[in-house]
Amino acid sequence: MNAVLRDFDLIVIGGGSGGLAGAFRAAEHGARVALLEPNLLGGTCVNVGCVPKKAMWLAAEVAGRLRMARDLGFDVAEAPALDWPTFIAHRQRYIANIHDSYRRRLDANGIVVAPMRAHFIDARTIECMDGVRLSAPNILIATGGHPVRPALPGAELGGVSDDFFQWTAAPERVAIVGGGYIAVELAGLLQALGSRVDLLVRGRLLDGFDTELVEQLGEDYRHAGVHLQFGHRLAAVERDGEGVRLRDADGGLSERYDRLLFATGRAANTAGLHLDAAGVRTDANGYVQVDARHATNVAGIHAVGDVTADPALTPVAIAAARRLMDRLYGGASAVFDAQDIPTVVFSHPPIGKVGLTEAQAREQHGDAVRVYRAGFRPMLHALVNSPQRSLFKLVCVGEERRVIGIHLMGEAADEILQGFAVALKRGITLDDLRDTVAIHPTSAEEVVLMR
Ligand code: FAD
């Protein structure tokens with residue numbers, strides 16, 4: 001019979017964005033917390049997601065700037081190349097600092113960390129891989145998700161985003177399969193870092209983002225040299241020496257690629273958790289089912305982040321976990337507000353949105369919708385005569401023209417959107433924007449100058 005440790009108020013399974021945020025907040029309220037994490041602290045975001053991705057995106061931005069610098073008259077090499085090992089050393093040092101900071105905060109908060117995988121024994125008890133059992137009145141499932149390859153012959157010859165972060169050089173020729181944000185981000189940054197990128201898309205790019213902006217982004221990608229193939233039906237992957245060729249559904253064989261990446265979706269990390277032992281329900285897509293309070297169907301068991309069907313974004317996992325702990329241990333009652341979550345894709349240039357797209361708005365509000373646009377070349381691109389364009393769009397509704405959607409595609413969109421997301425959430429109108437004095441000359445001013 002295994003001994004059961006009952007010293008905890010809360011057990012957190014998973015030390016990624018949601019799990020860490022939940023553990024810290026609960027401990028700050030005085031709860032005794034145990035956290036199970038078999039891999040690196042920080043989970044997907046810190047180790048194989050947002051952080052290393054943004055680092056690579058920044059490197060790609062610098063590469064683009066160096067090319068523009070040359071065109072502007074700076075004495076810069078024809079095609080400045082990145083030494084990946086040097087850059088990766090900087091990237092990983094940055095990530096190691098995050099690990100250290102988490103470790104210090106966990107210690108300071110008295111959180112017990114077990115570097116182990118865990119699974120349920122019953123609704124109050126989990127077992128670690130070493131056989132130790134822990135029991136607590138509250139358990140938080142925050143085990144995140146993982147990338148999945150399509151079920152195709154030869155699919156194992158392609159990598160996924162986790163593999164990308166192990167690369168130590170840019171491949172000369174790379175195919176990326178997928179049209180979601182990870183596919184678009186990796187395609188943009190690899191092209192900017194010198195690869196020749198084919199982006200193979202089954203449907204459209206960036207479902208859920210404004211169609212016009214996505215079309216303009218596609219144009220910008222084409223100008224940057226990305227080969228976009230729409231309606232692509234991949235049937236099989238075949239080995240060709242160290243590289244691969246792709247067989248499509250009509251039997252056609254592609255040219256040879258040095259590398260292949262699948263960005264074709266992610267699935268919840270529930271295998272091995274023995275959710276059935278606790279009676280926790282999952283939905284048809286395998287996500288842990290939660291209500292607006294992030295409670296599962298079993299009292300005392302909650303779930304946040306990518307293991308649920310919530311939008312797969314780090315700030316969403318963090319906010320949901322903090323609200324939950326504020327309710328469980330801090331006497332608060334507020335639930336996570338899932339309305340108007342701003343989100344940015346780190347494409348080149350970035351694209352971001354908050355609120356409804358034009359199509360969603362028209363579905364909900366019909367003819368009461370008014371749309372305002374600003375298409376322009378950002379100043380630096382105009383100076384170097386680059387064809388890259390920006391497109392900003394406001395979606396408004398009703399007589400008072402309340403702003404219900406803000407869509408930005410272009411340089412600095414990633415940094416501009418956050419402030420305007422606050423404004424949208426506060427219920428501003430088009431006149432509020434127009435009454436705001438512009439900051440000139442910037443891209444951001446286009447948001448308050450739209451006619
Ligand atoms: P995770 O961060 O995945 O953490 C889950 C943890 O649980 C993992 O560390 C895992 O080891 C652990 N675990 C799993 N099973 C067990 C078990 N049985 N026992 C114990 N521990 C277990 N989001 C953004 O907001 N902005 C971005 O720019 C962005 N870019 C991204 C880029 C990529 C390539 C990817 C893949 C994701 C990106 N995301 C981004 C999404 C973001 O990373 C996730 O939404 C976020 O990490 C989810 O947090 P989480 O806590 O739910 O899961």
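# Group meeting: disulfide, domains, pocket and core

A disulfide joins Cys-45 to Cys-50, with 2.4 Å from S to S. Before going on, a reminder: this is a predicted model. That bond is the one disulfide the structure holds.

What is the hand of the disulfide between Cys-45 and Cys-50? The torsion about the S-S bond is about -130 degrees, so the disulfide is left-handed. Now the surroundings of the two partners. Cys-45 has a relative accessible area of 11%. The cut-off for buried is under 20%, so Cys-45 is buried. Cys-50 comes out at 33% and is partly exposed. So the bond runs from a buried residue to a partly exposed one.

Two further cysteines. Cys-128 has 4% relative accessibility, so it counts as buried. Cys-396 is at 0%, and it is buried too.

Next, the domains. The assignment for the chain gives domain 1, built from 4-46, 86-146 and 267-330. Domain 2 covers 155-264, and domain 3 covers 349-449. How far apart are the centres of domain 1 and domain 3? Taken over C-alpha atoms, the separation is 36 Å.

On to the second largest pocket. About 800 Å³ of space lies in it. Its lining has 34 residues, and the closest to the pocket centre are Gly-64, Met-68, His-381, Ser-386 and Gln-388.

Which helices supply at least two residues each to this lining? They are H3 (50-71), H6 (181-192), H7 (211-224) and H11 (379-383). H3 gives the most, with nine residues. Note where H3 begins: residue 50, and Cys-50 is one end of the disulfide.

By class, the lining of this pocket is mixed. There are 15 nonpolar residues, eleven polar ones and eight charged ones. By domain, at least three lining residues come from domain 2, and at least three from domain 3.

A word on the principle before the core. In soluble globular proteins, nonpolar side chains tend to be buried together.

Here, the largest nonpolar core has 39 residues. Which of them touch the most other members? They are Phe-164, Ile-176, Leu-190, Leu-199, Leu-206 and Ile-351. Now the elements that give two or more residues to this core. The helices are H3, H4 (84-108), H6 and H7, and the strands are E10 (173-177) and E11 (196-201). H6 gives the most, with seven residues. Domain 2 and domain 3 each give this core at least three residues.

So put pocket and core side by side. H3, H6 and H7 each supply at least two residues to the lining of the second largest pocket. H3, H6 and H7 also give two or more residues each to the largest nonpolar core. H3 gives the most to the lining, whereas H6 gives the most to the core. Domain 2 and domain 3 each put at least three residues into the lining, and each put at least three into the core.

Now the backbone. Cis peptides come first.

Which residues does the cis peptide bond with omega of about 0 degrees join? The pair is His-348 and Pro-349. Pro-349 is in the loop between strand E18 (343-345) and strand E19 (351-355). Residue 349 is also where domain 3 starts in the assignment.

Another cis bond runs from His-440 to Pro-441, with omega near -10 degrees. Pro-441 sits in the loop between helix H13 (430-434) and helix H14 (445-448).

Next, positive phi outside glycine. His-274 has phi near 55 degrees. The loop that holds His-274 runs between strand E16 (266-268) and helix H8 (275-278). His-274 is partly exposed, at 39% relative accessible area.

Arg-401 also has a positive phi, about 50 degrees, and is not a glycine. Its loop lies between strand E21 (390-397) and strand E22 (402-409). Is Arg-401 buried or exposed? At 18% relative accessible area, Arg-401 is buried. Compare the two: His-274 is partly exposed, whereas Arg-401 is buried.

Last, a contact across the sequence. Ala-312 and Gly-144 are 168 residues apart along the chain, yet 8.9 Å apart in space, C-alpha to C-alpha. Ala-312 is in the loop between strand E17 (301-303) and helix H9 (314-330). With a relative accessible area of 42%, Ala-312 is partly exposed.

Conventions
Residues are numbered from 1 along each chain as its sequence is written. This is a predicted model: local features need pLDDT of at least 70, side-chain atom pairs count only at pLDDT 80 or more; totals for chains, interfaces and linings use all residues. Side-chain values use heavy atoms; hydrogens and water are left out. On a 1 Å grid over the protein atoms alone, a cavity is a set of points where a 1.4 Å probe fits but cannot get out, and a pocket is an open set with protein on both sides within 12 Å along at least five of seven lines; lining residues have an atom within 4 Å of a point. Grid points are joined across faces, edges and corners, and a volume is the space filled by probe spheres set on the points. Helices (H or I, at least four residues) and strands (E, at least two) are DSSP runs, numbered from the N terminus. Ala, Val, Leu, Ile, Met, Phe, Trp, Tyr, Cys and Pro count as nonpolar, Asp, Glu, Lys and Arg as charged, and the others, Gly among them, as polar. Domain bounds come from an automatic or database domain assignment. A disulfide is a pair of cysteine sulfur atoms within 2.5 Å. Buried means under 20% relative accessible area, exposed over 50%, partly exposed in between (1.4 Å probe, protein chains only). A nonpolar core is a set of buried Ala, Val, Leu, Ile, Met, Phe, Trp, Tyr and Cys residues joined through side-chain atoms within 4.5 Å.
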